[in-house]
Amino acid sequence: MITVHHLNNSRSQRILWLLEELGLEYDIKYYKRDPKTLLAPVSLQQVHPLGKSPVITDGTLTLAESGAIIEYLVEQYGEGRLAPSPGTPERWRYTYWLHYAEGSAMPPLLLKLVFDRIEQQPMPFFVKPIAHMITSSTKETFINPQITQHLNYLESELGKTPWFAGKEFTAADIQMSFPIEAAVTRGGLNASRPRLMEFCDRIHSRPAYKRALERGGVYQLAS
């Protein structure tokens, strides 16, 4: 039996969604973030040394990293579903987006979250102007332009095909959901990029997405 070690408001929500799309039976072990630090509990380190989520166990296998988990589940249980045929142009696009989501799209969004939180932290009054100057300058000159560049790129790519790998919905769209939803929350993604917003509407309307929310609990990315 597959067990998802599920941290609230995390990437593991994608794994629940994938399992629902595949119609597989699975168990969930729930973990809660620390309300102050937003970090995962130490108990997750008993499952995987890094103590991160998502992590799945399947028999004797313990596997972390969203992309690796998605590839494993689709290959092991997909029976040809949710992935284009090997050797096709769609398969290469599929593979690209599986890696792009975490390797390229998420880093500037994560930096935005960290720098926003620094600005919100209590600090001595004489330090606050300096900290604010540093964080604001970094966001204005580096982080926000990077996010804008990625969002423009994604908006353009969805003008070529309705889904990221091609004409059909695949697990690459599940993988890409996290950075796009994060961009809505904290990256300035709005109606000015209608294709990306329409992508969000389409994935949110999928029955498997809704079932995953019911099982995983309240899902709200940090802003």
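A nonpolar core is understood here as a set of buried Ala, Val, Leu, Ile, Met, Phe, Trp, Tyr and Cys residues joined through side-chain atoms within 4.5 Å. In this predicted model, the largest such core holds 54 residues, and the members that touch the most others are L18, L73 and I180. Helix 3, spanning residues 89–120, supplies the largest share of this core with 9 residues. A second core of 6 residues lies apart from it, with L7, L44, V55 and A64 among its members. For a closer look at one of the well-connected positions, L73 is a good place to start. Leaving aside residues up to four places away in sequence, L73 touches I2, I15, L18, L19, L22, I56 and G78.

Turning to the overall architecture, the chain contains 7 helices and 4 strands. Read from the N terminus, the elements follow the order β-α-β-β-β-α-α-α-α-α-α. The radius of gyration is 18 Å, close to the 17 Å given by the globule rule for 223 residues, so the chain is as compact as a globular protein of that length. Along the principal axes, the C-alpha atoms fill a box of roughly 60 × 45 × 30 Å. Of the contacts between residues at least 6 apart in sequence, 69% join residues at least 24 apart.

Buried residues account for 47% of the 223 in the chain. The exposed area comes to about 11700 Å², and 57% of it is supplied by carbon and sulfur atoms. As for charge, there are 24 positive and 23 negative charges, and their mean positions lie 5 Å apart.

Several loops carry backbone details that are worth a visit in the viewer. Between strand 1 (2–7) and helix 1 (12–22) sits N9, a residue that has a positive phi of about 50° although it is not a glycine. N9 counts as partly exposed because its relative accessibility is 22%, and the partly exposed class runs between 20% and 50%. E79, in the loop between helix 2 (66–77) and helix 3, also has a positive phi of about 50° without being a glycine. With a relative accessibility of 74%, E79 counts as exposed.

The loop between strand 2 (26–31) and strand 3 contains P54, which is joined to S53 by a cis peptide bond with omega at about 15°. Further along, T60 occupies the loop between strand 3 (55–58) and strand 4 (61–64). T60 counts as exposed, at 87% relative accessibility. From T60 to G87 the separation is 27 residues in sequence and 31 Å in space, C-alpha to C-alpha.

Terms used
Residues numbered from 1 in each chain as written. Predicted model: local features only at pLDDT ≥ 70, side-chain atom pairs only at ≥ 80, totals over all residues. Heavy atoms only, no water. Buried < 20%, exposed > 50% of the residue type's maximum accessible area, 1.4 Å probe, protein only. Helix = DSSP H or I, 4+ residues; strand = E, 2+ residues; numbered from the N terminus. Contact = heavy atoms within 4.5 Å. Rg over C-alpha atoms; globule rule 2.2 N^0.38 Å. Areas by Shrake-Rupley, 256 points an atom, 1.4 Å probe, with all protein chains shown as cover. Lys, Arg positive; Asp, Glu negative; His and termini not counted. Charge placed at Lys NZ, Arg CZ, Asp CG, Glu CD.
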